[in-house]
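Here is a small set of exercises to work through with the coordinates open. Try each task yourself before you read the solution below it.

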Amino acid sequence: MQGRKQFVIACKHCRRDVPAGVKEFPFHSVVVVCPLCEDEHRYLPSEMSLGHPDPLVGKESGEPR
């Protein structure tokens with residue numbers, strides 16, 4: 001079963017959807033460190049969307065799905 005949707009961004013390096021780390025829609029840019037490739041990038045609000053993180057995110061961090 002899929003969990004609730006959350007704000008995700010497409011990592012600029014590995015192109016996978018990862019959590020943006022925000023609970024509410026931001027009106028300013030945020031810095032996100034990708035849990036998969038560990039690259040850090042700044043993302044504009046227009047680059048965020050509601051969705052589900054890539055399934056590998058949960059496996060890498062040891063979180064249950």
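**Exercise 1. Aromatic pairs**

How many aromatic pairs does a search of the whole structure find? Classify each pair by the angle between its planes, and then place the rings in the chain.

*Solution.* Keep in mind that this is a predicted model.

Step 1. The search returns two aromatic pairs.

Step 2. Take Phe 7 and Phe 25: their ring centres are 5.9 Å apart and their planes meet at 55°. Planes under 30 degrees apart count as stacked and those over 60 as edge-to-face, so this pair is tilted.

Step 3. Locate these two rings. Phe 7 belongs to strand E1 (residues 6-10), while Phe 25 sits in the loop between E2 and E3, so the pair links distant parts of the chain, 18 residues apart.

Step 4. Now take Phe 25 with Phe 27. Here the centres are 5.7 Å apart and the planes are at 80°, so the pair is edge-to-face.

Step 5. Put the pairs together: Phe 7, Phe 25 and Phe 27 are linked by ring pairs into a cluster.

Step 6. Add the accessibility of each ring residue, with buried meaning under 20% and exposed over 50%. Phe 7 has a relative accessible area of 14%, so Phe 7 is buried. Phe 25, at 36%, is partly exposed. Phe 27 reaches 75% and therefore counts as exposed.

**Exercise 2. Strand E3 and its partner**

Which side chains of strand E3 point to one face and are buried? Then work out how E3 pairs with E4.

*Solution.*

Step 1. Strand E3 covers residues 30-33, and its side chains alternate. Val 30 and Val 32 point to one face and are buried, whereas Val 31 and Val 33 point to the other face and are not buried.

Step 2. Look across to strand E4 (residues 40-43). E3 and E4 pair in the antiparallel sense, over four bridges.

Step 3. Check the partners. Val 30 has Tyr 43 as its bridge partner, and Val 33 has Glu 40.

Step 4. Follow the hairpin. Six residues lie between the strands, and Glu 38 takes a positive phi near 65° in this hairpin.

Step 5. Return to Tyr 43 and look at its ring: Lys 12 lies over the face, at 4.9 Å from the ring centre.

**Exercise 3. Ala 20 and the nonpolar core**

Is Ala 20 buried or exposed? Find its contacts, and then list the core that Ala 20 belongs to.

*Solution.*

Step 1. Ala 20 is placed in the loop between strand E2 (17-19) and E3. Its relative accessibility is 6%, so Ala 20 counts as buried.

Step 2. Set aside neighbours within four places in sequence. Ala 20 is then in contact with Phe 7, Val 8, Ile 9, Val 32 and Met 48.

Step 3. Compare a separation in sequence with one in space. Ala 20 and Pro 45 are 25 residues apart along the sequence, and their C-alpha atoms are 10.0 Å apart.

Step 4. Assemble the core. The largest nonpolar core has 11 residues in all: Phe 7, Ile 9, Cys 11, Val 18, Ala 20, Val 30, Val 32, Cys 34, Tyr 43, Met 48 and Val 57. E1 and E3 are the elements that give two or more residues to this core. In soluble globular proteins, nonpolar side chains tend to be buried together.

Step 5. Examine one of the members, Val 18. Not counting residues up to four places away in sequence, Val 18 touches partners that include Phe 7, Ile 9, Val 32, Cys 34 and Val 57.

**Exercise 4. A buried Asp, and the whole chain**

Which residues does Asp 54 touch, not counting residues up to four places away in sequence? Finish with the totals for the chain.

*Solution.*

Step 1. Asp 54 lies in the loop between strand E5 (48-51) and helix H1 (55-61). With 16% relative accessibility, Asp 54 counts as buried.

Step 2. Under that sequence limit, Asp 54 touches Arg 16 and Asp 17.

Step 3. Zoom out. The protein chain has one helix and five strands, in the order β-β-β-β-β-α from the N terminus on. Of its 65 residues, 26% are buried.

Definitions and conventions:
Residues numbered from 1 in each chain as written. Predicted model: local features only at pLDDT ≥ 70, side-chain atom pairs only at ≥ 80, totals over all residues. Heavy atoms only, no water. Buried < 20%, exposed > 50% of the residue type's maximum accessible area, 1.4 Å probe, protein only. Pairing = 2+ DSSP bridges. Contact = heavy atoms within 4.5 Å. Phe/Tyr/Trp six-rings, centres within 6.5 Å; stacked < 30°, edge-to-face > 60°. Lys NZ or Arg CZ within 6 Å of the ring centre and 35° of its normal. Core = buried A, V, L, I, M, F, W, Y, C linked by side-chain atoms within 4.5 Å.
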